[in-house]
Amino acid sequence: MTSSPPTPDTPEAAMTAHPPRSGPVVAVLAFGGIVVSLMQTLVVPLVPDLPELLHSSASDASWAITATLLAGAVATPVLGRLGDMYGKRRTLLLSLAMLVVGSVVCALSDTLAPMIVGRALQGFSAGVIPLGISIMRDELPAERLGSAMALMSSSLGVGGALGLPGAAALAEHADWHVLFWVSASLGAVVVALVLAVVPESPVRGGGRFDLVGALGLSAGLLCLLLAISKGADWGWASGVTTGLFAAAVVVLLLWSRWELRVSGPLVDLRTTVRRQVLLTNLASIVIGFAMFGMSLVLPQLLQMPEATGYGLGQSMMTAGLCLGPSGLVMMAISPLSARITATRGPKTSLMLGAAVIAVGYGMGIFLMDAVWQIVVISCVIGAGIGLAYSAMPALIMSAVPVSETGAANGLNTLMRSIGTSTASAVVGVVLAHMTTEFGPVELPSLDGFRTAFAIGGGAALVALAVASLLPGRGPDRRTATSERPGTPEPVAGR
């Protein structure tokens with residue numbers, strides 16, 4: 001019996017047509033992921049000064065952050081689906097182009113409106129990481145795929161951690177517009193590298209783009225994330241907040257009904273409710289919560305005045321440098337996560353990552369007396385995040401058809417974004433209400449910080465419990481070698 005040659009729409013055919021230079025491809029895609037994730041922390045050093053810089057109120061200036069969050073949430077599933085249909089490299093370049101254009105708009109801005117537009121365009125680049133993971137699945141040989149996906153997935157945390165000290169240094173020693181000129185330059189470099197190194201995969205899902213589904217999902221997500229991110233400002237019981245939550249429920253229910261009936265849905269809900277995909281996405285929400293909780297709590301604790309008795313009195317730049325090592329730990333841990341995934345399965349990596357995050361937050365409840373302790377805590381949590389984030393793409397892609405990897409990874413990235421948005425709201429409320437008087441101002445109290453640490457640790461334990469329900473380790477099904485695109489793969493453990 002002779003084996004049939006690979007069909008044009010399989011990854012094997014893609015690799016036969018143009019054998020990938022795996023090293024440069026991985027390096028370029030991971031660098032792109034780090035550059036995109038820098039957008040999360042790019043404006044953090046400017047937050048106290050944004051109202052003055054943009055001639056607006058503090059509440060209005062916060063839209064410079066909210067706009068990026070909302071745009072990223074809408075972009076990831078949409079761009080993932082476009083990548084599956086029309087080419088992942090092409091869609092990746094579109095995402096990077098929006099990053100460059102958005103950065104230039106921000107660099108030329110001195111008022112709020114253009115800044116919001118530019119930050120929204122930057123947010124649309126959030127699709128780069130899930131698209132990069134999908135390109136790796138199409139292009140890389142099996143022996144390189146695990147470590148490459150782990151590195152790409154962890155770049156989401158790496159860029160955020162490394163970007164804070166760099167952004168703080170630029171904001172402290174240069175005009176604030178330089179931040180955005182630097183991000184535009186980095187984006188342009190990534191575009192050039194992708195054009196030179198990353199091949200376009202012939203793997204296509206085909207079909208027509210589900211415009212109604214895209215609009216419905218966008219509207220539902222905007223209502224949900226807007227209520228979560230602005231609820232503290234507007235009041236959680238206010239008519240606007242409750243109305244947005246109610247609208248999100250109604251719109252997403254109608255959207256779900258549409259997606260189940262249309263022939264070429266934006267998101268294949270029948271795939272997303274498979275046990276492995278559903279539980280991985282739920283774990284992603286909680287891990288995203290735990291990751292962002294660290295980013296909110298530790299910088300404030302480091303910068304709190306020493307006179308409070310528990311603050312460490314550091315500058316913004318020093319605080320950023322203290323958190324920088326956690327990004328390096330995330331990057332260093334990705335090969336270990338890939339090895340654990342290869343030998344014990346991605347479920348084990350995810351559970352181990354959640355457990356390590358819980359340990360890190362547990363340490364934080366008791367160790368906050370010195371800067372070195374905060375560095376250790378951030379590195380432990382960073383190690384857990386690196387382990388957990390690296391496992392998620394393997395779990396998702398072993399349970400979805402080849403033709404849906406872009407959309408599936410985009411949806412998984414969206415779940416993380418929902419977790420980070422929820423963390424911002426919950427931790428913000430805790431630190432805003434558990435305060436102590438310090439002269440004429442109120443600052444978060446020691447009990448407030450401990451409560452925030454406890455919440456982060458509790459979130460990690462929830463992720464551990466969810467991960468424990470995942471199917472056990474099955475054979476490595478990196479690609480559906482015998483499946484046509486669009487044909488569901490069997491799920492491990494089912």
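# Close-up views of a predicted model

**View 1. Ala214 and its neighbours in helix 11.** Ala214 touches Val78, Phe209 and Leu266, leaving aside residues up to four places away in sequence. This is a predicted model, so please read each view with that in mind. Ala214 itself is found in helix 11, a helix that spans residues 211-234. Is Ala214 buried or exposed? Ala214 counts as buried, because its relative accessible area is 7%, and the cut-off for buried is under 20%. Also worth a look here is Pro265: 51 residues separate Ala214 and Pro265 in sequence, while their C-alpha atoms are 9.1 Å apart in space.

**View 2. The largest nonpolar core, with 72 residues.** Which residues have the most contacts inside this core? They are Leu29, Leu92, Leu96, Met136, Phe180 and Val194. Helix 11 (residues 211-234) gives the core its largest share, namely 9 residues. Another core, of 50 residues, lies apart from the largest one, and Leu279, Tyr361, Met392 and Ala467 are among its members. As general background, nonpolar side chains tend to be buried together in soluble globular proteins.

**View 3. The surroundings of Leu29.** Here we zoom in on one of the residues with the most contacts inside the largest nonpolar core, Leu29. Which residues does Leu29 touch, not counting those up to four places away in sequence? The list is Leu92, Gly132, Ile135, Met136, Met152 and Val198. Leu92 and Met136 from this list are themselves named with Leu29 as having the most contacts inside the core.

**View 4. Thr91 in helix 6.** Helix 6 covers residues 88-107 and holds Thr91. Since its relative accessible area is 6%, Thr91 is classed as buried. Around Thr91 you will find Leu79, Leu82, Gly83 and Leu131, all of which it touches, with residues up to four places away in sequence not counted.

**View 5. A nonpolar surface patch of Phe31, Val189 and Leu193.** Together these residues have about 210 Å² of accessible area. Val189 sits in helix 10, which runs over residues 177-197. Why is Val189 called partly exposed? With a relative accessible area of 40%, Val189 falls between the cut-offs of 20% for buried and 50% for exposed, and therefore belongs to the class in between.

**View 6. Pro199 in the loop between helix 10 and helix 11.** Although Pro199 is placed in a loop, its relative accessibility of 19% makes it count as buried. The limit is under 20%, so Pro199 meets it. Ile135 is 64 residues away along the chain, and the C-alpha atoms of Pro199 and Ile135 are 8.8 Å apart.

**View 7. Two loop residues, Pro48 and His55.** Where does Pro48 lie? Its place is the loop between helix 2 (22-41) and helix 3. Pro48 is exposed, because its relative accessible area is 63%. Between the C-alpha atoms of Pro48 and Ala58, 10 residues apart along the chain, the separation is 8.4 Å. His55 belongs to the loop that links helix 3 (50-54) with helix 4 (58-61). His55 is exposed as well, with a relative accessible area of 63%. Do check its backbone: His55 is not a glycine, yet it has a positive phi of about 55°.

**View 8. The hairpin of strand 1 and strand 2.** Strand 1 (residues 435-438) and strand 2 (residues 441-444) run antiparallel and are joined by 4 bridges. Phe438 has Val441 as its bridge partner in strand 2, and Thr435 has Pro444. How many residues stand between the strands? There are 2, and Gly439 takes a positive phi near 65° in this hairpin. In a regular strand, side chains generally alternate between the two faces of the sheet.

**View 9. The whole chain, for orientation.** To place the close-ups, here is the protein chain with its 19 helices and 2 strands. Of its 494 residues, 56% count as buried. The chain exposes about 18900 Å², with carbon and sulfur atoms supplying 68% of that area. Among contacts with a separation of 6 or more, 80% come from residues 24 or more positions apart.

How values were computed
Residues are numbered from 1 along each chain as its sequence is written. This is a predicted model: local features need pLDDT of at least 70, side-chain atom pairs count only at pLDDT 80 or more; totals for chains, interfaces and linings use all residues. Side-chain values use heavy atoms; hydrogens and water are left out. Patches are made of residues with over 30% relative accessible area and no salt bridge: like charges are joined within 9 Å, nonpolar side chains (Val, Leu, Ile, Met, Phe, Trp, Tyr) within 5 Å. Accessible areas come from the Shrake-Rupley method with a 1.4 Å probe; for residues, only the protein chains shown count as cover. A salt bridge is a side-chain nitrogen of Lys or Arg within 4 Å of a carboxyl oxygen of Asp or Glu. Buried means under 20% relative accessible area, exposed over 50%, partly exposed in between (1.4 Å probe, protein chains only). A nonpolar core is a set of buried Ala, Val, Leu, Ile, Met, Phe, Trp, Tyr and Cys residues joined through side-chain atoms within 4.5 Å. Contact means heavy atoms within 4.5 Å. Two strands pair if DSSP finds at least two bridges between them.
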